[in-house]
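Please read this report with the sequence and the coordinates open beside it. It takes the fold, the interior, the aromatic rings, the charged pairs and the surface in turn.

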Amino acid sequence: MSQHAETDQEQTLVSHLVELRQRVMRMLVVVLVIFLGLFYFANDLYEYLSAPLTALLPEGTSMIATDVTSPFFAPFKLTLVLAIFAAVPFILHQVWSFIAPGLYSHEKRLAVPLLVSSIFLFYAGVAFAYFVVFPLIFGFFTSVGPESVAVMTDISSYLDFVLKLFFAFGVVFEIPIATLMLIWSGATTAESLAGKRAYVIVGCFVIGMLLTPPDIISQSLLAIPMWLLFELGILLSRFFVSKDDELDDELESAMAEEENNQN
């Protein structure tokens with residue numbers, strides 16, 4: 001390799017690193033701006049987040065803070081996480097803008113819908129956890145305890161618990177995208193995954209057992225959507241991947257025809 005070629009490669013690498021740094025800085029700035037805008041409402045946001053539990057607490061009880069710093073740091077942590085969640089579309093857009101120049105046109109046509117769908121599904125998973133899962137599992141937990149024990153949950157422990165479930169359900173709702181990507185990349189086929197359906201269902205319940213509290217309600221509320229989303233991914237792949245294969249065939253034919261014309 002000539003010295004000129006090596007210099008060009010070094011310049012290209014440096015330019016990519018500079019661009020990556022600029023995009024990371026933009027992500028951080030956007031997260032910071034959203035955080036500063038939400039911080040004034042930090043306590044109100046925590047009240048809204050804790051509503052599914054506080055609505056079920058026995059009369060005369062409330063949430064508590066067992067650490068001196070918890071009344072400040074729990075809402076602070078919640079606001080920071082919400083700022084990151086709210087900035088997800090911008091963050092993914094910056095990631096997409098960085099990698100898009102290296103993709104083929106037919107790859108871009110599939111990647112854009114996948115990007116938008118990923119954002120929507122992640123938010124759908126978080127909303128499902130808050131509006132469907134939380135009322136059920138908190139209703140179960142507050143009703144099975146001994147009558148002599150007052151339910152008074154620590155605010156930091158509650159925040160860690162719900163953020164864990166938010167992340168779990170947000171990631172689980174990405175299963176159709178992951179399934180579609182596996183089939184699109186050629187790592188497997190829709191028919192092969194469909195044949196392993198029984199193992200997938202068992203795996204869904206095992207994951208539900210590991211990621212949720214030890215009760216059958218919350219485990220089922222995670223495992224059943226995982227299975228249904230897996231089926232949705234297979235269904236979508238039968239349409240999108242076949243269309244993408246047609247585009248690949250057209251591209252290969254065009255390239256072969258161009259080579260023949262050159263010869």
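The sections below describe a predicted model.

## Overall fold

The secondary structure of this predicted model comes to ten helices and zero strands, so that from the N terminus on the elements run α-α-α-α-α-α-α-α-α-α. Buried residues make up 33% of the 263 residues in the protein. The accessible surface comes to about 15,900 Å², and 68% of that surface belongs to carbon and sulfur atoms.

Among the contacts between residues at least 6 apart in sequence, 83% join residues that are at least 24 apart. One example of an approach between separate parts of the chain is Thr153, which is placed in the loop between α5 and α6. The C-alpha atoms of Thr153 and Ile64 are separated by 6.0 Å, although these positions lie 89 residues apart in the count along the chain. Leaving aside neighbours within four places in sequence, Thr153 is in contact with Leu53, Ser62, Met63, Ile64 and Tyr158, and with a relative accessibility of 23% Thr153 counts as partly exposed.

## The nonpolar core

In soluble globular proteins, nonpolar side chains tend to be buried together. The largest nonpolar core in this model has 45 residues, of which Tyr46, Phe134, Tyr158, Leu159 and Phe166 touch the most other members. At least two residues of this core are supplied by each of α2 (42-54), α3 (70-86), α5 (105-144), α6 (155-172), α7 (175-185), α8 (190-195) and α10 (216-262). The largest share, eleven residues, comes from α5.

Leu159 illustrates how a core member meets residues elsewhere in the sequence: apart from neighbours within four places, Leu159 is in contact with Tyr46, Leu49, Ala74, Lys77 and Leu78.

## Aromatic pairs

A pair of aromatic rings is described by the distance of the centres and the angle of the planes. A search of the whole structure finds 20 aromatic pairs. In one of them, the rings of Phe35 and Phe39 have their centres 5.5 Å apart and their planes at 40°, and the pair is therefore tilted. Both of these residues lie in helix α1, four residues apart, which corresponds to about one turn of the helix. Phe35 is buried, with a relative accessible area of 10%, whereas Phe39, at 32%, counts as partly exposed.

A second tilted pair is formed by Phe134 and Phe166, with 5.3 Å from centre to centre and 35° between the planes. Because Phe134 lies in helix α5 and Phe166 in helix α6, this pair ties together parts that are 32 residues apart in sequence. Phe134 counts as buried at 0% relative accessibility, and Phe166 is likewise buried, with a relative accessible area of 7%. Both rings belong to one aromatic cluster, which is formed by Tyr46, Tyr48, Tyr130, Phe131, Phe134, Phe138, Tyr158, Phe161 and Phe166.

## Salt bridges

The structure holds three salt bridges. The side chains of Glu19 and Arg23 meet in one of them, at 3.2 Å from N to O, and these residues are separated by about one helical turn because they are four residues apart in helix α1. Glu19 is partly exposed, with a relative accessible area of 22%, while Arg23 is buried, with 14%. Not counting residues up to four places away in sequence, Arg23 also touches Gln94, Ser97 and Phe98.

Asp160 forms a salt bridge with Lys77, with the closest N and O atoms 2.7 Å apart. This pair links distant parts of the chain, since Asp160 is in helix α6 and Lys77 in helix α3, 83 residues apart. At 39% relative accessibility Asp160 counts as partly exposed, and Lys77 is also partly exposed, with a relative accessible area of 38%. Glu231 forms a salt bridge with Arg197, where the closest N and O atoms are 2.4 Å apart. Here too distant parts of the chain are linked, with Glu231 in helix α10 and Arg197 in helix α9 (residues 197-211), 34 residues apart. Arg197 is partly exposed, with a relative accessible area of 30%.

## A nonpolar surface patch

Leu13, Leu17, Leu20, Val24, Met25 and Leu28 make a nonpolar surface patch of about 550 Å². One of these residues, Leu17, lies in helix α1 (residues 3-39).

Definitions and conventions:
Residues numbered from 1 in each chain as written. Predicted model: local features only at pLDDT ≥ 70, side-chain atom pairs only at ≥ 80, totals over all residues. Heavy atoms only, no water. Core = buried A, V, L, I, M, F, W, Y, C linked by side-chain atoms within 4.5 Å. Buried < 20%, exposed > 50% of the residue type's maximum accessible area, 1.4 Å probe, protein only. Contact = heavy atoms within 4.5 Å. Patch = residues over 30% accessible without salt bridge, like charges linked within 9 Å, V, L, I, M, F, W, Y side chains within 5 Å. Areas by Shrake-Rupley, 256 points an atom, 1.4 Å probe, with all protein chains shown as cover. Salt bridge = Lys/Arg side-chain N within 4 Å of Asp/Glu carboxyl O. Phe/Tyr/Trp six-rings, centres within 6.5 Å; stacked < 30°, edge-to-face > 60°.
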